[in-house]
Amino acid sequence: MNISSWVKALIFVVLLFSYSTVVTGQTKVNDVRDSERLWLDSEITHNGDYQWKMIKAGDVADPGEKVSLSDYPTANWLPAIVPGTVLNSLVHNRKYPEPYYGINNKIESKLIPDISETGRDFYTYWFRTEFTVPKSFEGKHVWLQVDGINYRAEVWVNGNLLSTIKGMFMQDYIDVTDFVKIDKANALAIKVYPVDVPGSAKPKSWGAVGEFHNGGNGNIGLNTTMLMTVGWDFTFMDGIRDRNTGIWKNISLYATGKVALRHPFVKSELRKPGYDQAREFISVEVVNPTTGFSGINCTVRGEITGENITFEKKLKVLRGEEKILSFSPDEFPQLVINSPRLWWPVNKGPQNLYELKMTVSIDGVVCDSVKTKFGIREITSDTNTPDKSRVFYVNGKRLFIRGTNWIPEAMLRTSDERTYAELRYSRQSGVNLLRMWGGGIAESDYFFQLCDEMGLLVWQEFWMTGDTRHPNDKGNYLDNVASTVKRIRNHPSLAYYVASNESTEVTGTPELLNKLDGTRGYQMQSECAGVHDGSPYKQVNPMQHYENTASPRGSRVDGFNPEYGAPTLPTVEILREMMDEKDLWPINKEVWDYLDGNGFHLMTTMYTDLVNNYGKSSSIDEFAQKGQLLGAINSKSIWEVWNYNKLDYGDRFCSGLLFWYHNCSMRQVSSRMWDWSLEPTASLYHTANSLEPLHAQFDYLKNTVSVVNDYYRSFNNYKVIARVYDINSRKVYEESASVNLPEDGVANDVLTIRFPENISQVHFIKLVLKDEKGKDVSSNFYWRSNDKYEGSKTLTGPASSGFEDLNKLKAANVKLSYKARQADGRYFVDITLKNTSGGIAFFNQLQFLNSKMSPIRPSFYSDNFFSLVPGEKKTVTIETAEEKLTEGAVLVLKGWNVTTQKYKLK
């Protein structure tokens, strides 16, 4: 690796940790972050109050009894990131280069040792910090809560081994009362071991159908862990070097009295058919950690806040007992709620939430309290459909799933800021369900909180795939499942349980889920019970989506498809952060393919060929701009084809699509709606347009216009207008049709566009939907060529080829004005744009950059990558955190045929 590469990689690391830092004011309040706790987050990366250090276990001769003493010398230890992983900290300390840059991570580069070659001891590390137990904890029971360690751990406090942990998703509550000193220095040392069986990236002879290279040799599946770390085609095919060994979730310290409460749970039973009454069933775990033999008499009291509903029970809890205490509406009639405020997903209604508070008291003195938010709703599914595909219902109404697959950050470099940004982008896109793919993780409490608030449903899988073996410790796997379900089951967004991705289940899984929850549907794996196998995954001719030939497996625009997607190239500024300039242009196939799952998504082949259909590029800047056009068409074509075939409408019955996948786990040239660094691509905005609740759309194969309604109400006397412009921006065709939109339905083929015979090779379509009063409620814009579609074996067609003449577009003028404002730690730029020329201003991009002309991230644009017909006016708002503006702020407008405009804001 040359010096310039090291310098660029170092700059990248600085950028990385500026993105992953938890920034006050950037996110909504994380309900879990109780201010009465001590959150033992590291100073580095997380801006915490604690100095964590780490050292390879083999470099320490002393046992845990000594390492965990407060006066133990650590001068030769490295600063550590907690929550984080071993490799995160080693990269931070510049022991290894940034894995996401160029081909640094490639095994053959031999820059970062792989655990399959070094052995587990190489990544077995001690992590250590010191803390002071506050005076307010005196006389109470003190608990150390460990939310997640990958994979095995020994937890030592002040010379005492107090717990051992196994499994990535185990939450542990450790009673440290007798082992800590109040108002004095205490030491916490955790010895973290990697997964028992790291596996390797070597291919195997078996696996999920058609996918024999994912998951390496498959052995990582013998653990209960994040399976994708061994290598997958949407990330690095040769995996993450340490398999994400480390303290990957929070550690906190808190105090209770002699009795503690955990895991409150609310079950709602709604009356049919009106859904106008809810019976609430409530339970909570009551724990006695004391050593007394007589047991403790206590009172547990609950309250649904703001609803004038309270209830309580007295009980006796024996030494060491963990008792589940239940409250039912049969015992407590006040737990019957009439006219409940129901929770609904995106576009279907409000995201109403209730709050439950519970306390446990001894002799009238409260010794612990817990609270949880919950939503009252019912989500069911069945296969009573024409093709026996699975269809979901929310509160008795059918729900067309327009969902996506969520892929976790590859090295677990997460933060509240990142979680909020990705979920806000997800909500903006218009999707209504996120699938937690089985080779990933169970996400944070904050993730589920935001899904509740945003109306995003969650499909949760439990860490098994068809490309990896099953856990060898079945009991430990089920313990991890139980720990996770107890943590997430109150969230109304949690809609469905699935044991695995394309495999089977561990015996006892459905019974366990029913015991711990019992309110959600379940299926054994992601491709059964009315959900067929997925594809396509790679770049195809966008015309194939309309023709339903995009997958070699046959028809895939039908029923319920759990994986159907296409890539989008990142913007040029982001590409420059990923690799050396010499590798960007001309395209260095080795580097690009490595950052594309070894070329899996065909970015250097078919994607490049389709971009070239817009004219051969002479620079990476030109290629990246044209690459956004292709990404926009990729997303628009997929979503609009599924819109057309929604439920009982269209050419065949479709109950749901889960896009494969919409966020990026690491730097990759095959980006999605946004890239790993949180910079959106054209795909986000063209998806958001396609999934707007009222939407007019054009079919490139049929030349027809349809209108989609995603609301649970009908709309009558609407009007859709189609206008066609030639390359000279001259309107050459206009037609309109009256439209009555059925509730949650589609008005298909309400008009057919008849293009003039002499129309220019490249032309444009503008669709406008007006309500009964003539007000615009939706608009859409397309570019189209005269090229004939010559079949799925070609890259031809009006959506795919013959766009070289776009270069003949005459220059257009866009007048831009803006006003900046600040509120609550946020910075907003309200922008008004107007096309003051007689020509179409094509594919305009707004950018919010710092003084180094690098995108300010994350920033939220209400729209982007848009076109304006002559005289058209548009408003866009950009929002970011004030703290992101320390390096200045520049507003930029650029486009295909407009002069770039720059405005210095700070």
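**Group meeting: a walk through the predicted model**

I'll start at one residue, Val-814, which is found in strand E36, residues 814-823. Before going on, note that this is a predicted model. Val-814 has a relative accessibility of 9%, so it counts as buried. What does Val-814 touch, beyond residues up to four places away in sequence? The list is Leu-833, Lys-834, Asn-835, Ala-841, Leu-868, Leu-893, Val-898 and Gln-901. There is also a distance to mention: from Val-814 to Ser-837 is 23 residues in sequence, and 7.3 Å in space from C-alpha to C-alpha.

Next, the nonpolar cores. In soluble globular proteins, nonpolar side chains tend to be buried together. Here the largest nonpolar core has 209 residues, and those with the most contacts inside it are Trp-52, Leu-144, Phe-764, Trp-783 and Phe-842. Which helix gives the largest share of this core? That is H14, residues 620-644, with 11 residues.

Take Phe-842 from that group. Leaving aside neighbours within four places in sequence, Phe-842 is in contact with several aromatic residues, namely Phe-764, Phe-781, Trp-783, Phe-866 and Trp-896. The rest of its contacts are Leu-629, Leu-806, Leu-809, Ser-867, Gly-895 and Asn-897. Apart from the largest core lies another, of 49 residues, and its members include Ile-309, Leu-315, Trp-344 and Leu-399.

On to a pair of helices. H5, residues 416-429, and H15, residues 682-690, have axes that come within 7 Å and cross at roughly 40°. Because of that angle, H5 is oblique to H15. On the H5 side the contact is made by Tyr-425, Gln-428 and Ser-429, and on the H15 side by Leu-684, Tyr-685, Thr-687 and Ala-688. By type, the residues of this contact are four nonpolar and three polar, with no charged ones.

H5 comes up again with helix H6, residues 445-454. H6 is mostly covered, since nine of its 10 residues are buried. The buried ones are Asp-445, Tyr-446, Phe-447, Phe-448, Gln-449, Leu-450, Cys-451, Asp-452 and Met-454. What do these buried residues pack against? Two helices are on the list, H5 and H7 (474-488), along with four strands: E22 (401-406), E23 (433-436), E24 (457-461) and E25 (494-500). Just after H6 comes Gly-455, with a positive phi of about 80°.

A shorter helix is H12, residues 589-594, which holds Asp-593. Is Asp-593 buried or exposed? Its relative accessible area is 13%, so Asp-593 is buried. Not counting residues up to four places away in sequence, Asp-593 touches Asn-598, Gly-599 and Thr-604.

Now cysteines, as someone usually asks. How many disulfides are there? The count comes to zero. Cys-654 is in no disulfide, and the nearest cysteine sulfur to it, that of Cys-528, is 19 Å away. Cys-654 is also buried, at a relative accessible area of 0%. Why is Cys-664 not bonded to Cys-451? Cys-451 has the closest cysteine sulfur, but the two sulfurs are 18 Å apart, which is too far for a bond; the cut-off for a disulfide is 2.5 Å. Cys-664 counts as buried too, at 2% relative accessibility.

Last, the backbone. Most residues other than glycine have a negative phi, and most peptide bonds are trans. Which peptide bonds are cis here? One joins Val-82 and Pro-83, with omega about 0°. Pro-83 lies in the loop between strand E3 (78-79) and helix H3 (86-92). Another cis bond runs from Ser-535 to Pro-536, with omega near 5°. Pro-536 is in the loop between strand E26 (521-525) and helix H9 (543-547).

Then there are two positive phi values to show outside glycine. Arg-243 has a phi of about 55°, and is found in the loop between strand E9 (185-193) and strand E10 (251-256). Although in a loop, Arg-243 is buried, with a relative accessible area of 1%. Ser-729 has a phi of about 65°, and lies in the loop between strand E31 (715-725) and strand E32 (731-741). At 8% relative accessibility, Ser-729 counts as buried as well.

That is the tour.

Key
Residues numbered from 1 in each chain as written. Predicted model: local features only at pLDDT ≥ 70, side-chain atom pairs only at ≥ 80, totals over all residues. Heavy atoms only, no water. Core = buried A, V, L, I, M, F, W, Y, C linked by side-chain atoms within 4.5 Å. Buried < 20%, exposed > 50% of the residue type's maximum accessible area, 1.4 Å probe, protein only. Contact = heavy atoms within 4.5 Å. Axes fitted to C-alpha atoms, helices over the stretch in contact; angles between N-to-C directions. Parallel < 35°, antiparallel > 145°, perpendicular 65-115°, else oblique. Nonpolar A, V, L, I, M, F, W, Y, C, P; charged D, E, K, R; others polar.
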